[in-house]
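Q: I am new to this structure. Can you walk me through reading it, one feature at a time?

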Amino acid sequence: MKLHSQEWGTGDRVAVLVHGIMSDHRTWRKVGPALAARGYRVIGVDLRGHGASGRGAYDASSFADDLVESVPAGVELALGHSLGGLVLSLAVERLAPARAVYSDPAWALGTTRVDPVAMREFQHADRARIEMLAPRWDAEDIDIELATLRAWDPDTTLVLTGNGAVDRIPERAVTRSLIQLADPSQLVPDELRNGLTARGFEIRTVPGAGHTIHRDDFDGFMASLDGWI
């Protein structure tokens, strides 16, 4: 499936941004322009079942195939958040970016169970609930969250729940790779970190940030990418 995308900037270097579940390219409203200001042409995709992209069968391999079909290979930087981190890790060998960043990736789903009913119900969350769950978000990010929830197909939860709730921890880093973690991370528990470092991943934590690091602490998110962008 060819994915809908949004671009920022016209630089010679290319960066690809892959959002998490329930979201779409609009989650990168600050990140896209910030990378563009650093000389990148930034491509933010909408995964299938999200935003303006098509609907279809939902499984992790299809999400990865879509990404490979929709963005150029050999880019300078590829960054995926949560589900986007999972999708990127399944596509990274084919995409062959110079650097890959996995922001609180949804890899350890066999041990960190996701409640599919709660996820589906969250599509109908109101502003007050989002403000309660994400007190550090800007008002514009809450507006975007409400809009992206309405544009999201809750059947995509099949990728992360039920038969999809399996560990997909990469066996090795196939390119120079950073794992960026929330504090604490619910998806990459402490006991996994030594093993990931041994597999070739650098790990950095953004102190005090929740799962959606780039919205909770944009400055901390960007600072943690020092040397990677």
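A: Start with the surface. This is a predicted model. The accessible surface of the protein comes to about 9500 Å². Carbon and sulfur atoms account for 49% of that surface.

Q: What share of the residues counts as buried?
A: A residue is called buried when its relative accessible area is under 20%. By that cut-off, 55% of the 229 residues are buried.

Q: What radius of gyration would a compact globule have, and what does the protein have?
A: Chain length sets the expectation. With 229 residues, a compact globule would come out near 17 Å. The protein has 16 Å, which agrees. The C-alpha trace spans about 40 × 40 × 35 Å along its principal axes.

Q: How many helices and strands are there?
A: There are 9 helices and 7 strands in the protein. Now look at contacts between residues at least 6 apart in sequence. Of these, 72% join residues at least 24 apart.

Q: Which residues have the most contacts inside the largest nonpolar core?
A: That core has 48 residues. Those with the most contacts inside it are Val45, Leu47, Leu67, Leu83, Ile130 and Leu160. The elements giving two or more residues include β2, β3 (40-45), α6 (139-150) and β6 (176-181). Helix α3 gives the most, with 7 residues. Apart from this core lies another, of 23 residues. Leu35, Val42, Ala182 and Leu225 are among them.

Q: What is Leu160 in contact with, leaving aside its neighbours within four places in sequence?
A: Leu160 touches Leu83 and Leu86, two of the buried residues of α3. The other partners of Leu160 are Ile21, Ala106, Leu109, Val114, Met119 and Ala165.

Q: Is helix α3 enclosed or open?
A: Count its buried residues. They make up 10 of the 13, so α3 is largely enclosed by the rest of the structure. Among them are Gly84, Gly85, Val87, Ala91 and Leu95. The cover includes β2 (13-18), α2 (60-70), β4 (77-81) and β5 (99-103).

Q: How far apart are the end C-alpha atoms of α3?
A: Use the rise of 1.5 Å a residue. The 13 residues of α3 (residues 83-95) should therefore span 18 Å. The end C-alpha atoms are 17 Å apart, which agrees.

Q: Where does α3 bend?
A: The bend is at Ser89, by about 40°. Ser89 is also one of the buried residues of α3.

Q: What phi does Ala96 take, just after α3?
A: Ala96 takes a positive phi of about 50°.

How values were computed
Residues are numbered from 1 along each chain as its sequence is written. This is a predicted model: local features need pLDDT of at least 70, side-chain atom pairs count only at pLDDT 80 or more; totals for chains, interfaces and linings use all residues. Side-chain values use heavy atoms; hydrogens and water are left out. Helices (H or I, at least four residues) and strands (E, at least two) are DSSP runs, numbered from the N terminus. The expected span of a helix is 1.5 Å times one less than its number of residues. The bend at a residue is the angle between axes fitted to the seven residues ending there and the seven starting there. Buried means under 20% relative accessible area, exposed over 50%, partly exposed in between (1.4 Å probe, protein chains only). Contact means heavy atoms within 4.5 Å. The radius of gyration is taken over C-alpha atoms; the globule rule is 2.2 Å times the number of residues to the power 0.38. Accessible areas come from the Shrake-Rupley method with a 1.4 Å probe; for residues, only the protein chains shown count as cover. A nonpolar core is a set of buried Ala, Val, Leu, Ile, Met, Phe, Trp, Tyr and Cys residues joined through side-chain atoms within 4.5 Å.
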